[in-house]
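Let's take a walk through this chain together, from the overall picture down to single side chains. Have the viewer open and follow along.

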Amino acid sequence: MSRRPPTALNLILLALAVGLPSSLFGQRPEADQHAAGLQTTVPAAAANLRGQNRSHLRLERQNRPVDVYLFAGDEKVDVLYAPFCGGDQGAKQYSGDYQLVSVVDNAVVSRLDLDPDVSFVEKKPHDGVRLYRDPKTGQDLVVLFQYGTCNSESVQFFSADPSGRLYSIPFLDKDGRTWSHRVTGPAGAIPHLPDGSPVFCAYANNLGYDFCEAYAFDGANFQETAKWMTQGLAEPVKGLNAPGRATRALFDFLSGLSAKNYLAAAYYFAGKVETAGTVPPAGNSAEKAKILEAYCTTQGGQCLMPTGIAPKAGGDAPGKMLFQISFETPDFKPFRIGARASFEFRVAKTPEGFKVLDLPPRLP
């Protein structure tokens, strides 16, 4: 067979970097909400699922077993004719219209349709679904890995309520963004912080940084506890420090502006607006977002994608860090104003976290 071209899953790391909007998972997906009475719509009876599944896991919910099957009625099997980062030569690759199907007391309770591009390769993290025990709550969850890039695997989690009904678990960021997936390294490792928060780190080759996020599971959602960037690639968890957090806040601010996600960018901004010389209301993110949008769209602000970010010695006050940033134009050329190819930004430590004090440059 010919190897599949990159799918939408390959773009997850890019979405992370530029802040592209993700699917909203504040409520359970529609497939969950209409899960009752699905026994007639599942393509195989509960008994057949036991012999025709790609994976089978068992969750315990209030001392009641919930069997979860990864199933595709149209599953196809191919053999990789050549190796690539997502599979070894000669390995079997499985594709089809996959579902997660839950069974309680030999009756199908619910199903979830997975992404149509989902596929599985044996002897890799993305070989099926696996059990994941959350160290803080002790609850078993279903984790699904998918090949993203040579540097990353995407990660998605699912759970079941006491009745056995399946639902996807969203990742909720402090800046208001919601994600269905996170990304981790190619081995699929998910380390933990001392408080039990799982950590997801993946390398962005174009920037030379590992992007890391930590979340705490609250029984329904993964809530952000920390974000950072680090060049300590051997042990990225050690990058969880003030410089790493400040770097990430600055990058998320600038990439949010570039992606026109002004509400998310507003979360990271605590500086003055150049045109008025005033500080936007700290507690009014919607008002700050309007100010940032105007700056980027009508006031000449060059809200471009950062391509280089480096700490700089100095700073005008304790608790503030200085960074040198370079940008890229929409046609992928280095941004310059005259002879200047990089620009200074200050990031301050505040009780609400690290906040950016400067706006992107404006053309003279």
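Before we look at any strand partners, here is the rule behind them: two strands count as paired if DSSP finds at least two bridges between them. Keep in mind, too, that what you are looking at is a predicted model.

With that rule in hand, go to strand β19, residues 320-328, and strand β20, residues 343-350. These two run antiparallel and are joined by six bridges. To see one of those partnerships, pick Leu 322, whose bridge partner in β20 is Arg 346. Another spot to check is Met 321, which stands opposite Val 347 in β20.

Val 347 is a handy place to step across to the next strand. Its bridge partner in β21 is Val 356. Four bridges join β20 to β21, and this pairing is antiparallel as well. The connection between β20 and β21 is a hairpin, made through two residues.

Now zoom out to the whole sheet. Which strands does it hold, and in what order? It is an open sheet of four strands, running β18-β19-β20-β21, with antiparallel pairing. As a reminder, strands of a sheet pair through backbone hydrogen bonds, either parallel or antiparallel. The edges here are β18 (305-312) and β21 (353-356); each has a single partner strand, so one side of each is left without a neighbour in the sheet. Neighbouring strands are turned against each other by 35° on average, if you ignore direction.

Something also packs on this sheet: helix α4, residues 242-258. The helix touches β18, β19, β20 and β21, and its direction makes about 40° with that of β19.

Stay around the hairpin for a moment and find Glu 352, which lies in the loop between β20 and β21. Is Glu 352 buried or exposed? Its relative accessibility is 56%, and the cut-off for exposed is over 50%, so Glu 352 counts as exposed. Along the chain, Glu 352 and Tyr 267 are 85 residues apart, yet their C-alpha atoms are separated by 9.7 Å. Tyr 267 has a charged visitor of its own: the charged end of Lys 355 sits over its ring, 3.7 Å from the centre. You can find a similar arrangement at Trp 179, where the charged end of Arg 182 sits over the ring, 4.4 Å from its centre.

That brings us to the aromatic rings. A pair of aromatic rings is described by the distance of the centres and the angle of the planes. Rings pair if their centres lie within 6.5 Å, and by this rule the count comes to 17 aromatic pairs. Take Phe 171 and Tyr 215: they sit 5.0 Å centre to centre with 70° between the planes, an edge-to-face pair. This pair links distant parts of the chain, with Phe 171 in strand β12 (residues 171-172) and Tyr 215 in strand β16 (residues 209-217), 44 residues apart. Both Phe 171 and Tyr 215 are buried.

Phe 171 has another ring partner, Phe 222. Here the centres are 5.0 Å apart and the planes are at 10°, so the pair is stacked. Phe 222 belongs to strand β17 (residues 222-230), 51 residues from Phe 171 in β12, so to speak another link between distant parts of the chain. Phe 222 is buried, just as Phe 171 is. Step back and you'll find that ring pairs link Tyr 132, Phe 157, Phe 171, Phe 200, Tyr 215, Phe 217 and Phe 222 into a cluster.

For a contrast in setting, look at Asp 113 in strand β6, residues 107-113. With a relative accessible area of 48%, Asp 113 is partly exposed. Leaving out residues up to four places away in sequence, Asp 113 touches Tyr 98 and Gln 99. The C-alpha atoms of Asp 113 and Tyr 98 are separated by 6.3 Å, with their positions 15 residues apart along the chain.

Finally, the chain as a whole. Six helices and 21 strands make it up. Of its 364 residues, 51% are buried. Among contacts with a separation of 6 or more, 57% come from residues 24 or more positions apart. The accessible surface comes to about 16,700 Å², and carbon and sulfur atoms account for 52% of it.

Terms used
Residues are numbered from 1 along each chain as its sequence is written. This is a predicted model: local features need pLDDT of at least 70, side-chain atom pairs count only at pLDDT 80 or more; totals for chains, interfaces and linings use all residues. Side-chain values use heavy atoms; hydrogens and water are left out. Rings of Phe, Tyr and Trp (its six-membered ring) pair if their centres lie within 6.5 Å; planes under 30 degrees apart count as stacked, over 60 as edge-to-face and the rest as tilted. Buried means under 20% relative accessible area, exposed over 50%, partly exposed in between (1.4 Å probe, protein chains only). A charge sits over a ring if NZ of Lys or CZ of Arg is within 6 Å of the ring centre and within 35 degrees of the ring normal. Axes are lines fitted to C-alpha atoms, for helices over the stretch in contact, and angles run from 0 to 180 degrees between N-to-C directions. Contact means heavy atoms within 4.5 Å. Accessible areas come from the Shrake-Rupley method with a 1.4 Å probe; for residues, only the protein chains shown count as cover.
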